[in-house]
Amino acid sequence: MSAGIENHNVARMKTADPTLSLAAEAPDDPARQRALLNALPIPVWCADRDGACSFVNRAWEQCTGRLADQARGTSWLEAIHEADRERVAAAWAEAHSLGRRFEQEYRLLRADASFGPVSHVAMPVYDPEGVLAGYLGTCHDLAAQRAAEQSVRESESRLQKFAEATHAGIVFHEDGVVTDCNEAILRLTGFSRSEFLGTHVLAHVAPERREEVADNMRSGSERPYESELLVKGGRRIPVEFEGRTLPHHGQLYRLSVVRDIRRRKAARERMDYLAHHDLLTGLPNRALLQERLDFVLRAARRNARQVALLFIDLDNFKTVNDSLGHGAGDQLLKIVARRISRVLRGIDVVSRHGGDEFIVVLPELSTDEGSVPVAEKLIAAVSEPVELEGQTLTVTPSIGISIFPRDGDTSQVLIRNADAAMYLAKERGRSNFQFFNEHLAANAFRTLALEMMLRDGMRDGSFELHYQPQLRVDTGKVIGMEALLRWPQPDGGFIEPEEFIPIAEQRGLMRAIGTWVLREACRQNRAWQRAGLPPMTVSVNLSPAQFRQRDLVEQVRAVLRQTGLDGRYLAFELSESLLMGDITEMTRTLDALKELGVQVVIDDFGTGCSSLVHLKRLPIDKIKVDRGFIGEMPGSADDVAIVAGIVDLARNLGIVTVAEGVERPEQLELLRERGCDEMQGQLVSHALPAGEVQRWLAARL
């Protein structure tokens, strides 16, 4: 074998393999020749003409894990995996017969009985006469290469599966031309794969957004940004692009992730809408009104124009809520919001300020009188009848108007002053509009101060109840007390009920105050009984807002249970104006109170316009003759006649009469003569603090 190598034609060897050339050019010394082959890092083997191995170098031993002694004298075909052996043997036989180069890949048996992939190259070696002397070959271990290739395949497979599994569109492009994509982008755009591949990515971007996308591609930016995608048919979809530059098969590609953000944008828009709009009516809320009003005022300052701000409050809206429920009240607010919007111009601003309050801003006015026609249209539109819960209702608005810059230079001042003007409209009969003026400013400040004091007083428990005795006219026996609300001040004085009660009613505080009065009056009456005082009735004034509460009866039942007071020792005094309401609902409420033993008293009778039929149909225990009729007796014949008529009417209906405001003995004597049943007033006693009532009763007895 070595002689063949030494005498081989050098020119033919150089054409085959560098390793073979080195062997052929080696010196004639076989030892030096083997040393040279052993020094090569490439596995080399030599075989005789029959293929029997005669020499392997050290690199071959390291590659196969088999020693030279194990390989020498054996056919190299014996070390091939049986599944590859037939194929390789056929290729070897063909190369041998034709005397040409042999090259194959197969699995070679290693010393540890495992098989590893190798690449085998063999060249025939001829003696000087041209006779085949043997073979010289190399063997390359392909395990690492195959592992790397497998890793790449698996990586590409994972990438492909990930791309197909994600909901985001993925696009590969080179120099902007799409080379590959996943199914998600095809579903998003509506194109088929053949239609999409080969197109330029900018062709799928909205024209006005293409420059931005191109800039990101050129710079290699990898930050996400929002854009618009053109889908099949020309429709636009809001998307988020996020690019990545990555190597693939030795080249740099651009990978773009395309996310459909329609839901995200809709959610964001919804959140923005909720932050700036009233959910019930869809109108701008206070926050958005503030933004728009500030913008309008800035424009008015630049253009020297006037702006009108209209503060609208619905008259008696609480009556609708209390009688028909909050669902009906909400429906009414929606209707009113639509009616207000229909009256206004496109540049006008309308907002729901809260509850039943709305604000309208009229920009670009040349004079303050420009708001008058709008206010008149608003009153007419809002006052149209409404069908709710099977009933026809009419709700009117009271409107206050402030003018920029005359009545204020800021949005807060304009709103506050229009609010004050609105309360003036209510005082002047409701369903009208009033402009703000300086007198209102002082009243508004006083009202605001009182409201804040009221809230503080409710929180701190500053209110007191005083009690005015009620007596039988014929015997002088004390039969009850009327609980009257008092508000003491740190200076020792009192704020009169006539001053703070209207504000409490306007600001929605009367219900909470009334609840406290009811609970405190019942508690005190029960405390007197436990102290040994004769049982008597305590009368509590019930505001219209309280009376219309749906849970009034349950509330009264709970208070009686908590305080331990028997219901027959509690009376409610109702204003005569309440009798003008829904008599069916009123009868139901009064009957339920009567079942608890509570007495029903009509206060200030004779000053309202109640129907006498109501006295007959409603379960009324007493009527109180208004003090206005008592004060001029006995000098006023008309008042004497009116009182006598009321007493006779009540007697015939089986109703007890109570005269209030009795201050002189002759008034008491006349009431006795006319048959009045009960009385109260300064002639007997003024209203007393709870601590003095027991002493007063002891002295009286």
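# Exercises on a predicted model

Q599 is found in strand 23 (residues 599-605). The model is predicted.

**Exercise 1. Describe the surroundings of Q599: is the residue buried or exposed, and which residues does Q599 contact?**

Step 1. The relative accessible area of Q599 is 18%. The cut-off for buried is under 20%, so Q599 counts as buried.

Step 2. Leaving aside neighbours within four places in sequence, the contacts of Q599 are T537, R568, L570, A571, F572, D621 and K622.

Step 3. With T537 there is a polar contact between the two side chains, at 3.3 Å.

**Exercise 2. D621 also takes part in a salt bridge; find its partner and state where the two residues lie.**

Step 1. The partner is K594, and the closest N and O atoms are 2.6 Å apart.

Step 2. K594 belongs to helix 23 (residues 583-595), while D621 sits in the loop between helix 24 (612-617) and strand 24 (622-625). The pair links distant parts of the chain, 27 residues apart.

Step 3. K594 has a relative accessibility of 29% and is partly exposed. D621, at 21%, is partly exposed as well.

**Exercise 3. Work out which elements are joined by the salt bridges E660 with K624 and R268 with E226, and give the accessibility of each residue.**

Step 1. For E660 and K624, the closest N and O atoms are 3.7 Å apart. E660 is in strand 25 (residues 656-660) and K624 in strand 24, with their positions 36 residues apart in sequence.

Step 2. E660 is buried at 4% relative accessible area, and K624 is buried at 1%.

Step 3. For R268 and E226, the closest N and O atoms are 3.0 Å apart. R268 lies in helix 12 (residues 262-276) and E226 in strand 8 (residues 225-230), so this salt bridge ties together parts 42 residues apart in sequence.

Step 4. R268 is partly exposed at 40% relative accessibility, and E226 is partly exposed at 27%.

Step 5. The structure holds 44 salt bridges.

**Exercise 4. Check the length of helix 22 (residues 552-563) against its expected span, then describe its buried residues and what covers them.**

Step 1. Helix 22 has 12 residues. The expected span is 1.5 Å times one less than the number of residues, so helix 22 should span 16 Å.

Step 2. The end C-alpha atoms of helix 22 are 17 Å apart, which agrees with the expected span.

Step 3. The buried residues in helix 22 are L552, V553, Q555, V556, A558, V559, L560 and T563. An α-helix has 3.6 residues a turn, so residues three or four places apart point the same way.

Step 4. The cover over the buried residues of helix 22 includes helix 20 (510-530), helix 21 (544-547), strand 22 (570-575) and helix 23.

Step 5. After helix 22 comes G564, with a positive phi near 80 degrees.

**Exercise 5. Classify the packing of helix 14 (residues 317-324) against helix 15 (residues 326-343), and list the residues that make the contact.**

Step 1. The helices pack at an angle of about 140 degrees, and their axes are 6 Å apart.

Step 2. Angles over 145 degrees count as roughly antiparallel and 65 to 115 as roughly perpendicular. The angle fits neither class, so helix 14 is oblique to helix 15.

Step 3. Helix 14 contributes F317, V320, N321 and L324 to the contact, and helix 15 contributes H326, A328, G329, L332 and L333.

Methods. Residues numbered from 1 in each chain as written. Predicted model: local features only at pLDDT ≥ 70, side-chain atom pairs only at ≥ 80, totals over all residues. Heavy atoms only, no water. Salt bridge = Lys/Arg side-chain N within 4 Å of Asp/Glu carboxyl O. Helix = DSSP H or I, 4+ residues; strand = E, 2+ residues; numbered from the N terminus. Buried < 20%, exposed > 50% of the residue type's maximum accessible area, 1.4 Å probe, protein only. Contact = heavy atoms within 4.5 Å. Polar contact = N/O pair within 3.5 Å; in protein donor to acceptor, adjacent residues only side chain to side chain. Axes fitted to C-alpha atoms, helices over the stretch in contact; angles between N-to-C directions. Parallel < 35°, antiparallel > 145°, perpendicular 65-115°, else oblique.
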